[in-house]
Amino acid sequence: MKLTLKKISTVFIIILLSVKINFAQNPVVKKSIDSGKVFSLEDLQQMVFRYHPVMKQAALLSESARAKVLQSLGYFDPALKAGFSRKLFGDTEYYNKWNSELKIPLWLAGADLKLGYDRNVGNYIDPENRTGQQGLSAIGLSIPLGQGLIIDARRSTLRQSKIMVEYAEADQLKQINSVWYGIVKDYWNWYYAYKQFALVNEGLDLAQRRFKALSAQTLIGDKPTIDSVEAYITVQERMIQKEKTTIELQNARLILSNHLWNDQGSPLELPVEAIPQNTLLAIGKPNPLLLDTLLGQAANQHPELLKLKSKGEQLAIEKSYRQELLKPKLNLIGNLISNRTGFNSNIPGYYDFNWSNYKFGIEFAFPLFLRSERGKLREVKIKQLELDYDIKQFGREIRNNVIASYNDLSAYSAQLALQVKSIENQQILVNGENQKFSLGESTLFLINSRETKLIDMKIKQESMIAGYQKTLAELYYKAGTREIMN
């Protein structure tokens with residue numbers, strides 16, 4: 001009677017545990033793993049660089065700088081000005097004035113080309129300004145012989161604004177590289193979360209199959225009931241792991257979805273059935289030539305260094321301008337004048353344009369102490385010294401950061417090679433323990449222990465793969481560039 005009750009209780013426990021296991025299985029998730037579509041890093045790159053708002057925003061930096069160049073070109077735009085005034089009182093025309101001038105700024109020597117026409121008549125016009133009824137035409141130049149001959153404010157502004165385009169393009173490249181580096185890390189975090197979930201799910205399937213097999217053996221008396229209970233405890237532990245990794249996978253998928261947009265600018269969600277690319281076969285020891293190439297590229301084309309060099313070019317222009325301000329102002333103004341009002345006008349030669357009909361003037365100014373100009377020049381020189389120190393320091397830091405990332409990459413490569421061998425050896429131990437258990441020479445505890453260790457080792461391997469890929473992205477990022485996916 002006791003034996004019968006023991007068998008009944010054993011059967012009840014096995015049936016109850018089997019029902020719980022069948023209820024906890026999730027065939028939908030398993031199906032998505034088997035039939036999912038690969039979403040590679042190259043696919044992500046194409047979407048990001050076409051539609052990501054931050055990438056589009058970064059492109060506006062150079063456009064803004066070019067707009068400032070256009071503003072600076074405005075200092076060289078021709079300007080037309082004219083004025084008219086007349087006074088008539090008691091049948092007397094006091095004055096009738098018309099003054100007009102076309103001023104064309106020239107790049108050469110900071111000169112201005114001027115074309116003008118004046119007509120000043122009336123009873124009370126100053127004789128100095130009086131003209132005939134036809135008026136006077138004039139063509140002339142205003143040339144700075146002292147301050148402003150080599151460089152002036154408008155040429156300085158234009159040159160600096162052109163350099164700002166280079167600065168903005170370097171800043172744009174820096175932002176794009178930074179954004180892409182963050183996106184790559186999110187991709188490999190998703191990769192790890194997916195692989196971890198898949199391995200835990202695989203371990204759960206193994207534990208469930210083992211429990212069912214042991215349950216059948218227990219029912220016929222080949223195995224003790226305690227083995228079924230122990231097998232179910234393993235199932236429960238791996239169920240808990242699965243729930244944990246499921247949440248981690250969902251969160252990783254959501255974070256990666258932050259970077260997905262369509263051509264209409266609407267956000268996209270990464271499909272549940274999407275799976276990451278496999279990369280273990282592509283991982284090897286990094287080529288030393290890669291380090292040399294990236295170090296050379298970082299020294300010449302790193303966005304941070306390009307920004308500093310552009311700033312240095314701006315300061316050089318500013319220094320030239322401030323040195324120019326130490327010179328005295330000496331402006332020469334000359335105009336040839338004529339009664340001619342049109343190309344076909346018939347006028348006497350002595351009233352036409354010639355060297356005998358002119359207006360001439362000289363302007364001179366010079367501050368006695370030049371304290372303001374000397375102070376600003378000294379300030380520019382100090383900024384140049386600070387910039388030189390920054391370039392040296394940043395150059396050294398960039399070089400060392402690239403080498404450090406390369407060393408980390410080499411370490412990951414060596415660790416992965418060892419991890420692959422360790423997994424192979426651990427798999428041999430698991431297979432041997434299963435054979436011994438089938439012959440009754442081992443225990444379920446040892447099988448579970450070795451199998452759990454194998455799963456943990458595989459998860460660690462996937463963590464190393466993700467770490468390797470993130471370090472590879474970091475290596476390119478530290479060098480001021482990014483890996484181009486083919």
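In what order do the 6 strands of the open sheet run? Here's my quick take, bearing in mind that this is a predicted model.

1. The sheet. The order is 2-3-4-5-7-8, the sheet is open, and the pairing is antiparallel. Going from one strand to the next, the twist averages 15°.

2. The edges. Strand 2 (79-89) sits at one edge and strand 8 (358-365) at the other. Each has a single partner strand, so one side of each has no neighbour in the sheet.

3. Strands 3 and 4. If you want a pairing to look at up close, take strand 3 (residues 92-105) against strand 4 (residues 112-121): they run antiparallel and are joined by 10 bridges. For a specific pair to click on, Lys103 has Lys114 in strand 4 as its bridge partner.

4. The pocket. The largest pocket comes out at about 490 Å³. It is lined by 21 residues, and those closest to its centre are Asn99, Asp118, Ala138, Ile337 and Lys359.

5. Who lines it. Strand 3, strand 4, strand 5 (136-144) and strand 7 (329-338) are the elements that give two or more residues to the lining of the largest pocket. Strand 4 gives the most, with 6 residues. So much for where the lining comes from; next, what it is made of.

6. Lining chemistry. By class, the lining of the largest pocket splits into 8 polar, 7 charged and 6 nonpolar residues. Keep those counts at hand when you look at the residues closest to the pocket's centre, Asp118 and Lys359 among them.

Definitions and conventions. Residues are numbered from 1 along each chain as its sequence is written. This is a predicted model: local features need pLDDT of at least 70, side-chain atom pairs count only at pLDDT 80 or more; totals for chains, interfaces and linings use all residues. Side-chain values use heavy atoms; hydrogens and water are left out. Two strands pair if DSSP finds at least two bridges between them. Helices (H or I, at least four residues) and strands (E, at least two) are DSSP runs, numbered from the N terminus. Axes are lines fitted to C-alpha atoms, for helices over the stretch in contact, and angles run from 0 to 180 degrees between N-to-C directions. On a 1 Å grid over the protein atoms alone, a cavity is a set of points where a 1.4 Å probe fits but cannot get out, and a pocket is an open set with protein on both sides within 12 Å along at least five of seven lines; lining residues have an atom within 4 Å of a point. Grid points are joined across faces, edges and corners, and a volume is the space filled by probe spheres set on the points. Ala, Val, Leu, Ile, Met, Phe, Trp, Tyr, Cys and Pro count as nonpolar, Asp, Glu, Lys and Arg as charged, and the others, Gly among them, as polar.
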